[in-house]
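Q: I have a model open and would like to learn how to read it, feature by feature. Could you walk me through it?

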Amino acid sequence: MGNLVSFDHATLGYGRRVILSDLTFAIPEGDFLGMVGPNGAGKTTILRAILRTLKPISGTVTHALGIRFGYVPQRDQVDYNFPLNVIDVVMMGRYDRIGLGRRPGVNDRKLACASLDHVGILDLADQPLSALSGGQKQRTLIARALVGQPNVLVLDEPTNGMDLVSTTQILGLVRELHERDKLTVLMVSHALNEVANYVERIALVVNGGFRIGTVDEIMTESVLSDMYRIPVEVANLDGHRIVVARRDGQIVPVADV
Amino acid sequence: MFDAVLLFKDALYGALVIGLVCSVLGVYVVLRRIVFVGAALAELSSAGIALALWLAGRGWMLGIATHPIALALILTIAGVLFFGAGGGRGRIPPDATIGVTYAVAAAMGIILISKAKTGEAHDIFLQGNILGITRGDTMVLLAVAIPVLLVHTLFYKEFLFVSFDRETARTLGYRVNFWNLLLYFTLGLVIAFAMQFAGVMLVFNFLVLPAVTGLLISPSMAGTFFWSIVSALLAAVIGFSLSVPFDLPSGPAIIAVSGALALMAFLVRLAQRR
């Protein structure tokens, strides 16, 4: 399987301000990659380069021919004051396929319904978006990303601000989409403990550094302690990894480091 | 009462055209939370008119370039380019930049008009003079309103998408900056022309109150546009019809009716929730 996105010694930033330099890695077809790091570490910058909305300052970022992203933004990037039903929002994922100046047709509505069915909220199709719970809103945005039939599903902080039940359900849905539909998935999050038990590979973006590998390669005390620059312990609970850091003798969740 | 209204029917048609086009654009103005960009653009437009009158008073006429509409357009489009390109991003919060523009433009307008030779007579020009709209003025307004409404009908989904979720639109290849600028440009164009006849207060009213009424009544975008247009047209007709026989100022009368309609929509919504 080929690479969908390849970074070759890419330096990323805005104007002259360098955020991350000399990045070399690839996202192969079928990958399930979690990009993890604290807020402000540069995850969004890498994400923009992947989504082709940011050009590298130097080096190259190459995309496979015909690649199509299904992007799920952070929930607070969307304006819930707009009087839109769930189906209206999902159809937006087809707007670029419909073409300039044309309206969605019957087929677009059918595809949007199928996409809603796929994520388990077809019954909410005619509900106002603003009336949904956080988890339902996230499913709507995932359905919108899927309706465009993407090669890569990209989710930006999909569980931010969600309770434990909704978080588990959304991460379970994303894993299901990867396994059932063989969809390449890139999930960006600041919560290492959440992501590590769902994805197959992890890209750590911490303190200006970048490291990528399988979950087994990254989730080690030496790698995490080195990246976070703080003593880190990786505990195992029924096959699930839980990362804790110690600061001044106290346990601190890695997400808060 | 209707005889009196019929005497000013061209003025009523003009007010209806302004109400129609502003109530459509107003839905974006309210939803995108750029209400005060609309106000700042209206003040820039009025400053342009004042500048033209001041230049004319000093005998510095440069043909079409110093015509009130031309200068109103130039200043408004400058504002459009500034705000449409995300003016104010950086150290100064965007709403502060809008406030500065509003205050400075309003002050410049007042200073220039006070120093224009025909000064006070033109106050009414800045405040608007709905009753003075002629058939020719209505044609000019239609010549602006029809293309603007066509653009908004044709590219509805593009304007909606970049307004609702610009990041996702960008990932799907939309030129977000272009669509934002086009939206602001149509807004600036309408404000610059409507300002000549309706004044800051009435244009601002038509950009905000009908859209608020629409949002209060309808849970869908189509319904919001529909009720925004209906409430603007109703306010224009009722306000105008009341102002002529009762000798009320037309602009404030239309605004008062707009406010009453918005209040009724709010009360209906409140009753539905209980």
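Q: Let's start with a hairpin. How many residues lie between strand 8 and strand 9 of chain A?
A: Keep in mind that this is a predicted model. Strand 8 and strand 9 of chain A make a hairpin with 2 residues between them, and Asn207(A) in the turn has a positive phi of about 50°. The strands themselves, residues 201-206 and 209-214, pair in the antiparallel sense over 6 bridges. To follow the register, take Ala203(A): its bridge partner in strand 9 is Ile212(A).

Q: Which residue in the turn between strand 1 and strand 2 of chain A has a positive phi?
A: That residue is Gly15(A), with a phi of about 65°, in a hairpin that again has 2 residues between its strands. Strand 1 (residues 3-14) and strand 2 (residues 17-28) of chain A pair in the antiparallel sense over 8 bridges. Here Ala10(A) has Leu23(A) of strand 2 as its bridge partner.

Q: Now the sheet. What is the strand order in the open sheet of 6 strands in chain A?
A: A general idea helps when you look at side chains: in a regular strand they alternate between the two faces of the sheet. In this case the order is 5-6-7-3-8-9, and the pairing is mixed. Strand 5 (69-72) and strand 9 of chain A stand at the edges with a single partner strand each, so one side of each has no neighbour in the sheet. From one strand to the next, the twist averages 15°.

Q: In which sense do strand 3 and strand 8 of chain A pair?
A: They pair in the parallel sense, over 4 bridges, with strand 3 covering residues 32-36. In strand 8, the bridge partner of Gly34(A) is Ile202(A). Helix 5 (residues 134-147) of chain A packs on the sheet, where it touches strand 5 and strand 6 (152-156), and its direction makes about 165° with that of strand 5.

Q: Which residues have the most contacts inside the largest nonpolar core?
A: The general idea is that nonpolar side chains tend to be buried together in soluble globular proteins. The largest nonpolar core here has 168 residues, and those with the most contacts inside it are Val154(A), Leu186(A), Ile18(B), Cys22(B), Ala194(B) and Val203(B). Helix 10 (residues 176-217) of chain B gives the most to this core, with 26 residues. Leaving aside neighbours within four places in sequence, Val154(A) has contacts that include Leu47(A), Phe69(A), Tyr71(A) and Leu186(A).

Q: And Arg75(A): is that residue buried or exposed?
A: Arg75(A) counts as partly exposed, because it has 19 C-beta neighbours inside 10 Å. In chain A, Arg75(A) lies in the loop between strand 5 and helix 2 (86-91). Beyond four places in sequence, Arg75(A) is in contact with Gly134(A), Lys137(A), Gln138(A) and Asn160(A).

Q: How many residues does the contact take from chain B and from chain A?
A: As a general point, the size of an interface is often given as the accessible area lost when the parts come together. Counting residues instead, the contact takes 20 from chain B and 20 from chain A. On chain B, the elements that give two or more residues to the side touching chain A are helix 8 (156-164), helix 9 (166-171) and helix 11 (221-243). By class, that side of chain B has 9 nonpolar, 6 polar and 5 charged residues.

How values were computed:
Residues numbered from 1 in each chain as written. Chains lettered and ligands numbered in written order. Predicted model: local features only at pLDDT ≥ 70, side-chain atom pairs only at ≥ 80, totals over all residues. Pairing = 2+ DSSP bridges. Axes fitted to C-alpha atoms, helices over the stretch in contact; angles between N-to-C directions. Contact = placed C-beta atoms within 7 Å. Nonpolar A, V, L, I, M, F, W, Y, C, P; charged D, E, K, R; others polar. Core = buried A, V, L, I, M, F, W, Y, C linked by C-beta atoms within 7 Å. Buried ≥ 20, exposed ≤ 12 C-beta atoms within 10 Å, placed from the backbone.
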